[in-house]
Amino acid sequence: MKMHFCIPVSQQRPDALGGRYVLYSVYLDGFLFCKVRYSQLHGWNEQLRRVFGNCLPPFPPKYYLAMTTSMADERRDQLEQYLQNLTTDPNVLRSDVFVEFLKLVQLNTFNTATKKMSLDVFLPNGRSTKVEILTSDTAERVLEVVAHKIGLCRELLGYFGLFLIRFCKEGKLSVVKKLADFELPYVSLRSSEVENCKVGLRKWYMDPSLDAMLMDCRVAVDLLYMQAVQDIEKGWAKPTQVQRQKLEALQKEDNPTKFLELSREVRHYGHVQLDPCTCDYPEPGCGAVLSVGNNEISCCITLPDDQTQDIVFQMNRVKCWQVTFLGTLLNLYGPQRTLNQNLELRFQYSKENCWQWFVIYTKQAFLLSSCLKKMISEKMVKLAAENPEMQIEVPEQGKSNKHHIHQSQQKDYSSFLPRTNKIKIAKDDCVFGTIKEEDL
């Protein structure tokens with residue numbers, strides 16, 4: 001599936017010869033990822049084509065005359081589509097030419113030299129393990145280093161991921177984002193500008209039944225056990241009183257396997273809980289706490305009279321969703337490093353044979369979108385494993401199409417859009433445009 005790349009803003013800069021060039025600010029999952037020139041991306045595309053040939057998405061052409069504003073807008077949209085479409089091919093994502101270029105532009109954007117550093121990676125029990133890395137090491141590489149140090153089986157790395165996690169007051173925590181394999185954790189951590197933010201190791205799947213794949217590795221079981229205990233202590237997983245008593249007894253017996261078996265029966269086990277936010281249901285401005293996992297979006301909504309209402313949206317009834325940016329990206333110093341201050345996620349849901357929109361205003365909109373994509377991806381893989389030739393209905397943009405559920409045919413049905421009538425231009429030499437992710 002496509003990744004949340006977007007280029008919502010570009011700036012004109014003077015060059016050494018007295019001319020001007022355009023610098024594009026590329027965001028990933030709502031955070032500034034890098035700043036690049038067209039010429040850099042063009043050279044990268046040429047390298048990729050030498051490896052992958054014509055299977056790559058189209059790259060926007062060169063202009064040999066001065067660009068008009070509309071031409072500049074079109075180029076930015078095309079570059080954004082190019083980055084998004086590149087990420088649909090796992091072979092491209094894993095290639096050296098893809099990863100090495102993105103490593104370089106991340107380092108250059110944030111003025112980071114390659115050198116040895118120590119990085120604290122926090123485990124689900126709140127303790128950290130210190131690993132020796134290079135500042136240019138990717139999240140994939142750092143995860144390998146952590147796994148080697150703690151003894152996690154290498155073949156199980158795909159079930160875990162590195163996250164940026166904010167440790168809040170009173171022991172609470174907030175998942176900021178999942179680090180992409182090609183991101184540089186050291187750079188992303190330093191550039192995030194999120195207070196009390198750390199790099200953390202967590203499992204990265206939304207289907208609790210996948211726990212069964214990890215039961216033969218003692219370290220993996222310990223990690224799942226740590227996270228289950230943490231989720232219950234933080235109130236993310238919600239056992240009944242009877243379940244809690246049994247779980248406490250199993251903790252005292254030091255029996256993580258039995259503890260996990262019972263935990264899988266607990267409400268919201270394995271879910272990702274978002275920070276308190278607001279929604280438009282049943283009326284605008286209602287408070288909400290969202291918990292996402294196990295093919296559902298669970299919402300605890302606070303009504304105007306302070307009563308609460310629990311609503312569960314099943315993913316098989318979600319048609320599509322989109323993330324919308326509502327604010328301004330620029331200040332006196334240029335593009336902000338995060339989009340996450342003014343975001344909404346809205347999804348279309350089938351209720352009583354009628355499609356309705358449900359709107360959530362949350363700074364974790366991109367994380368929520370990633371969780372929704374993960375659930376769809378896992379469902380596709382599960383169905384494909386059960387019957388490789390099975391056909392399923394994939395609803396998209398108001399129509400139903402039948403697709404064989406092979407990996408290459410998975411459909412994205414999310415999008416990212418700015419609310420253009422609310423965007424303010426802070427500088428005359430900055431250009432904004434409509435961000436569209438067709439099919440994403």
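At what angle do helix H7 and H9 pack, and how far apart are their axes? The legends below answer this and describe further close-up views of a predicted model.

**View 1. Helix H7 packs against H9.**
Helix H7, residues 218–234, and H9 pack at an angle of about 50°, and their axes are 10 Å apart. That angle makes H7 oblique to H9. The crossing of the two helices is left-handed. On the H7 side the contact is made by Val-221, Asp-222, Leu-224, Tyr-225, Ala-228, Val-229 and Ile-232. On the H9 side Pro-256, Thr-257, Phe-259, Leu-260 and Ser-263 take part. Sorted by class, the contact of H7 with H9 has nine nonpolar, two polar and one charged residues.

**View 2. Helix H8 packs against helix H9.**
H8 covers residues 241–252 and H9 covers residues 256–263. The angle between these helices is about 165°, and their axes are 9 Å apart. Angles over 145 degrees count as roughly antiparallel, and H8 and H9 are therefore roughly antiparallel to each other. Their crossing is left-handed. From H8, the residues Gln-243, Lys-246, Leu-247, Leu-250 and Gln-251 meet Lys-258, Phe-259, Leu-262 and Ser-263 from H9. The residues in this contact of H8 with H9 divide into four nonpolar, three polar and two charged. Phe-259 and Ser-263 also appear among the H9 residues in the contact with H7.

**View 3. Helix H1 packs against helix H2.**
Helix H1 spans residues 38–52, and helix H2 spans residues 69–86. They pack at an angle of about 35°, with 12 Å between their axes. The crossing of H1 and H2 is left-handed. Tyr-38, Leu-41, Trp-44, Asn-45 and Leu-48 are the H1 residues in the contact. In H2 they meet Arg-75, Leu-79, Tyr-82, Leu-83 and Leu-86. By class, the contact of H1 with H2 has eight nonpolar residues, one polar and one charged.

**View 4. Five strands form an open sheet.**
The strand order is E5-E4-E8-E6-E7, and the pairing is mixed. Which strands lie at the edges? They are strand E5, residues 128–134, and strand E7, residues 173–178, and each pairs on one side only. On average, neighbouring strands of this sheet are turned by 45° against each other, direction ignored. Helix H5, residues 139–150, packs on the sheet and touches strand E4 (116–122), E5, E6 and E8. The direction of H5 makes about 130° with that of E5. Helix H7 lies across E6, E7 and E8, and runs at about 115° to E8.

**View 5. Pairing inside the sheet.**
E4 and E5 pair in the antiparallel sense over seven bridges. In this pair, Phe-122 has Ser-128 in E5 as its bridge partner. E4 and E5 form a hairpin with five residues between them. In the turn, Gly-126 has a positive phi of about 90°. E4 and E8 pair in the parallel sense, over two bridges. Val-121 stands opposite Val-199 in E8. Strand E6 (residues 160–167) and strand E8 (residues 197–203) run antiparallel and are joined by seven bridges. Here the bridge partner of Gly-161 in E8 is Arg-202.

**View 6. The hairpin of E12 and E13.**
Strand E12, residues 296–302, runs antiparallel to E13, and seven bridges join them. Which residue in E13 is the bridge partner of Cys-300? The partner is Asp-310. Five residues lie between the two strands of this hairpin. One residue in the turn, Asp-306, has a positive phi of about 70°.

**View 7. An aromatic pair between E13 and E17.**
In the whole structure, a search finds 18 aromatic pairs. One of them is formed by Phe-313 and Phe-347, with ring centres 5.0 Å apart and planes at 80°, so the pair is edge-to-face. Phe-313 lies in strand E13 (residues 308–314) and Phe-347 lies in strand E17 (residues 343–351), so the pair ties together parts that are 34 residues apart in sequence.

Note on methods: Residues numbered from 1 in each chain as written. Predicted model: local features only at pLDDT ≥ 70, side-chain atom pairs only at ≥ 80, totals over all residues. Heavy atoms only, no water. Axes fitted to C-alpha atoms, helices over the stretch in contact; angles between N-to-C directions. Helix = DSSP H or I, 4+ residues; strand = E, 2+ residues; numbered from the N terminus. Parallel < 35°, antiparallel > 145°, perpendicular 65-115°, else oblique. Left-handed = near helix turned anticlockwise from the far one by under 90°. Contact = heavy atoms within 4.5 Å. Nonpolar A, V, L, I, M, F, W, Y, C, P; charged D, E, K, R; others polar. Pairing = 2+ DSSP bridges. Phe/Tyr/Trp six-rings, centres within 6.5 Å; stacked < 30°, edge-to-face > 60°.
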